[in-house]
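Dear colleague,

Please find the structure below, handed over for your examination. A summary of the disulfides and salt bridges follows it.

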Amino acid sequence: MNARPAVPQGSWNSVETPGWDPLGASAAWGAAGLGAWPSPGSPPSPRPPPAGGPCRRPPLRTLQLLLLLGATWARAGAPRCTYTFVLPQQKFTGAVCWSGPSAARPAAEAVNASEVAALRMRVGRHEELLRELQRLAAADGAVAGEVRALRKESRGLSARLGQLRAQLQHEAGPGPAALLALLGERVLNVSAEAQRAAARFHQLDVKFRELAQLVTRQSGLIARLERLCPGGTGGQQQVLPPPLVPVVPVSLVGGTNDTSRRLDPAPEPQRDQTLRQQGPLASPMPAGHPAVPTKPTGPWQDCAEAHQAGHRQSGVYELQLGRHVVSVWCEQQLEGGGWTVIQRRQDGSVNFFTTWQHYKVGFGQPDGEYWLGLEPVHQLTSRGDHELLVLLEDWGGRGARAHYDGFSLEPESDYYRLRLGQYHGDAGDSLSWHNDKPFSTVDRDRDSYSGNCALYQRGGWWYHACAHSNLNGMWHRGGHYRSRYQDGVYWAEFRGGAYSLKKVAMLIRPLRL
């Protein structure tokens, strides 16, 4: 720290810092015309006034000179210094002069050009970044303004759309969406009801099978008990009941398909149930008027000949069979026509529990329930190869069919033995078991069983021991029936042996090769 020099009319302090050059300072002091630089430790001496009069300069000039001195040192590459100037509280009243040689100004080349250039480059980059930020801020501001405008417009459109929807619903009532929702709800309700019905049907089917098995077991138990019971008086031989076919068919037909055909409708019978318990009929013809032929022309060899002649209407036709003319029902519209109906059951109006002679010549009405006759069928099938079509229908309206590509009957000397071909259809094959078997009636027992199957089954048929089918049995109303024996109109593979079918028919036609 240098001593504070005394300055006329005022004083200031100078703090020497690292890099302070007293020689340069004294030179500058002299150049400023302030006299000699006071040495350290010497008392200040008043500067004599210059020649020509006292030197009075304002304090501002002194400060400018000091600042110029500091800038000169900075340009000359002097070390960085810190200066503190203490100015007097009062104004100068006297002149402050400096006498001595003026300090030489440093050359312009001494300026640190690289540092200034670096500073300018940095400032330029900062300015570019600032301009880029300003540009991005302006763009973001424009986008934000557009987004705000779009949001405002969207809110306005949504409000307008809600108003229009409410107005449309008010004017037009429930729209398609509401109707679709209501329809969907109804579909769901119907689906739920169908599922409940299916579950209920499954439960009933399980119960039905259980009951059918129970009936089968009870039937077997009854048969065993009857065998154990003592016989009649005297040495009479006890007649054993026939074996029973399964109550439940092996394969159930689920419903009517395209190949199934329903039989011609007929009015339900009005007879008493006791008619079915009568014995053999005395006459093969039921009460009523005889059938009227559909066509006056004829007689024909068979229904196929009438169909080829152009008669395509189903009805009663007359056929020439040997020396006899027989009225038959010709089915001319089913599967190409030309079918001769040899048996039909549809209302229980005819009792099929009859004798050999009746089954031989036939009975019933061709336009109702009837049996064409074993002898007429034998004469028809003896002319050439024939096919057989069996149509079945239960009490629920479900139909089924069994087709055999070969069918014929042997003469009476062989008891009209049955000859069958290959089975096709959806009813199940319940007739092939009777193939090559003679025809049996209540008065002509030709079956393979020790007893009389026709007696137990209550109808003539090609029994074995005893039957898997019997379309000439008792016509029980309602399907399932309660009887001591299986004596209904049944086809075991279709609805089982304990179910009496509502409608059945047997049709034959010359085989088309």
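R135 and E132 both belong to helix α3, which covers residues 113-172, and they sit three residues apart, about one turn of the helix. Please note that this is a predicted model. The two residues form a salt bridge in which the closest N and O atoms are 2.3 Å apart. R135 has a relative accessibility of 47% and therefore counts as partly exposed. E132 is likewise classed as partly exposed, at 34%.

Salt bridges

In the whole structure, the search finds eleven salt bridges. Two further pairs are described here in detail.

One of them is formed by the side chains of R345 and E369, with an N to O distance of 3.9 Å. R345 is part of strand β5 (residues 339-345), whereas E369 lies in the loop between β6 (363-364) and β7 (370-371), so this salt bridge ties together parts that are 24 residues apart in sequence. Are these two partners buried or exposed? R345 has a relative accessibility of 2% and so counts as buried. E369 is buried as well, its relative accessible area being 1%.

The side chains of E387 and R509 also meet in a salt bridge, at 2.9 Å from N to O. This pair links distant parts of the chain, since E387 is in strand β8 (residues 386-393) and R509 is in strand β14 (residues 503-510), 122 residues apart. E387 has a relative accessibility of 7%, under the 20% limit, and therefore counts as buried. R509 is buried too, with a relative accessible area of 7%.

In addition, D394, R398 and R495 are joined into one network by salt bridges that share partners.

Disulfides

How many disulfides does the model contain? The count comes to two.

One disulfide joins C303 to C330, with an S to S distance of 1.8 Å. C303 is located in helix α5 (residues 303-308) and C330 in strand β4 (residues 324-331), so the bond ties together parts that are 27 residues apart in sequence. The torsion about the S-S bond of C303 and C330 is about -70°, which means that this disulfide is left-handed. As for accessibility, C303 counts as buried because its relative accessibility is 0%. C330 is also buried, with a relative accessible area of 0%.

The other disulfide joins C453 to C466, and here the S to S distance is 1.8 Å. C453 lies in helix α8 (residues 453-457), while C466 lies in the loop between α8 and β12 (469-470); the pair thus links distant parts of the chain, 13 residues apart. About the S-S bond of C453 and C466 the torsion is about -80°, so this disulfide is left-handed. C453 is buried, as its relative accessible area is 0%. C466, with a relative accessibility of 1%, counts as buried.

To recapitulate the placement of these pairs, R135 and E132 share helix α3, whereas E387 and R509 lie in strands β8 and β14. The bond between C303 and C330 connects helix α5 with strand β4, and the bond between C453 and C466 connects helix α8 with the loop between α8 and β12.

With kind regards

Note on methods
Residues numbered from 1 in each chain as written. Predicted model: local features only at pLDDT ≥ 70, side-chain atom pairs only at ≥ 80, totals over all residues. Heavy atoms only, no water. Disulfide = S-S within 2.5 Å. Helix = DSSP H or I, 4+ residues; strand = E, 2+ residues; numbered from the N terminus. Buried < 20%, exposed > 50% of the residue type's maximum accessible area, 1.4 Å probe, protein only. Salt bridge = Lys/Arg side-chain N within 4 Å of Asp/Glu carboxyl O.
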